[in-house]
Amino acid sequence: RSVGNALRGIAATRTQQARATIGGIRAYADFVADALAEAAALLPGAAYTPPRGSGRRAAALVLFTAEHGFVGAFAERILAALDGDGAPGGPLFLIGSRGLVLAQERRTPVAWSVPMASQLGGVSATARRVAEELYRRFSLGQLSGAEMVFARLGSGSHAQIERRRLLPLDLGRLRRSDSRQPPLTNLPAAALVERLVGE
């Protein structure tokens, strides 16, 4: 019981730290989205053509699971998202060592995996590694797109499993700011959009 109480206390502290940090992360994401909307408006015809390659391509599925045990059925619920649609049609990217063990037990093939950050300080590095690998394969034309499956804390502190498309990015969903003056740029519009999409 003492060990259990200690684990709960650590989890509560890290949850509070994460909630205090998420506002800054969302502000940064909004800033990048605003910049992307401004840059996309500079393209001829306001159109963006994502990089394409040759060969057979499929959409990747990115699952965010747990790094350690003692998380109840959290990782199992994430992997259960595969059951609804059958096996993923493309490569499976799996974040979290606990999820990787469960995937191996289920004999689910995993194309790429990385440990999940177990502390707040490691979240940015983990996210960057996932983004770089996904976008590298997407830019080489090895993937037609990517979707992610993750848990979002809902009302009553219950986690809700969500599925969201990552790539190709739908620029039509981005809202351009009310600024009437076009931004000052030092890159060709296509290159600027490409780098912002990667970010």
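Me: Which residues of strand E2 (residues 92–95) point one way, and which point the other way?

Reply: This is a predicted model, in which local features need pLDDT of at least 70 and side-chain atom pairs count only at pLDDT 80 or more, while totals for chains, interfaces and linings use all residues. Residues are numbered from 1 along each chain as its sequence is written, and side-chain values use heavy atoms, with hydrogens and water left out. Residues on both faces of E2 are buried, a class defined by under 20% relative accessible area, against over 50% for exposed and in between for partly exposed (1.4 Å probe, protein chains only). One way point Leu-92 and Leu-94, and the other way point Phe-93 and Ile-95.

Me: What pattern of helices and strands does the protein chain follow along the sequence?

Reply: Helices (H or I, at least four residues) and strands (E, at least two) are DSSP runs, numbered from the N terminus. The protein chain has six helices and five strands. Read along the sequence, these elements give the pattern α-β-α-α-β-α-β-α-β-β-α.

Me: In what order do the five strands form the open sheet?

Reply: Strands pair if DSSP finds at least two bridges between them. The pairing in this open sheet is mixed. Strand E3 (112–114) and strand E5 (159–167) each pair on one side only, as edge strands. The order is E3-E2-E1-E4-E5.

Me: Which residue of E2 stands opposite Leu-63?

Reply: Strand E1 (residues 58–64) and E2 run parallel and share four bridges. Leu-63 has its opposite residue in E2, and that residue is one of those buried in E2. The residue opposite Leu-63 is Leu-94.

Me: Which residue of E3 stands opposite Phe-93?

Reply: E2 is joined to E3 by three bridges, and the two run parallel. Phe-93 is buried and points the same way from E2 as Ile-95. Opposite Phe-93 in E3 stands Trp-112.

Me: Which residue is the bridge partner of Ala-151 in E5?

Reply: Strand E4 (residues 143–153) and E5 run antiparallel, joined by eight bridges. The partner of Ala-151 in E5 is Ile-161.

Me: How many residues apart in sequence are the parts tied together by Arg-163 and Glu-147?

Reply: Arg-163 forms a salt bridge with Glu-147, with the closest N and O atoms 2.7 Å apart; the term requires a side-chain nitrogen of Lys or Arg within 4 Å of a carboxyl oxygen of Asp or Glu. Arg-163 is partly exposed at 41% relative accessibility, and Glu-147 is also partly exposed, at 28%. Arg-163 lies in strand E5 and Glu-147 in strand E4, so the pair ties together parts whose separation in sequence is 16 residues.

Me: With which residue does Arg-152 form a salt bridge?

Reply: Arg-152 is partly exposed at 30% relative accessibility. Its partner lies in strand E5, whereas Arg-152 is in strand E4, 10 residues apart. The partner also forms a salt bridge with Arg-164, the closest N and O atoms being 3.5 Å apart. With Arg-152, the closest N and O atoms are 3.0 Å apart, and the partner is Glu-162.

Me: How many salt bridges does a search of the whole structure find?

Reply: Among the residues involved, Glu-133, Arg-136 and Arg-137 are linked in a network. Another pair is Arg-163 with Glu-147. For the whole structure, the number of salt bridges found is six.

Me: Which peptide bond is cis, with omega near -5 degrees?

Reply: Pro-168 lies in the loop between E5 and helix H6 (189–198). The cis bond leads into this proline, running from Leu-167 to Pro-168.

Me: Near what value is phi of Arg-107?

Reply: Arg-107 is placed in the loop between helix H4 (97–105) and E3. At 76% relative accessibility, Arg-107 counts as exposed. Its phi is positive in a residue other than glycine, near 60 degrees.
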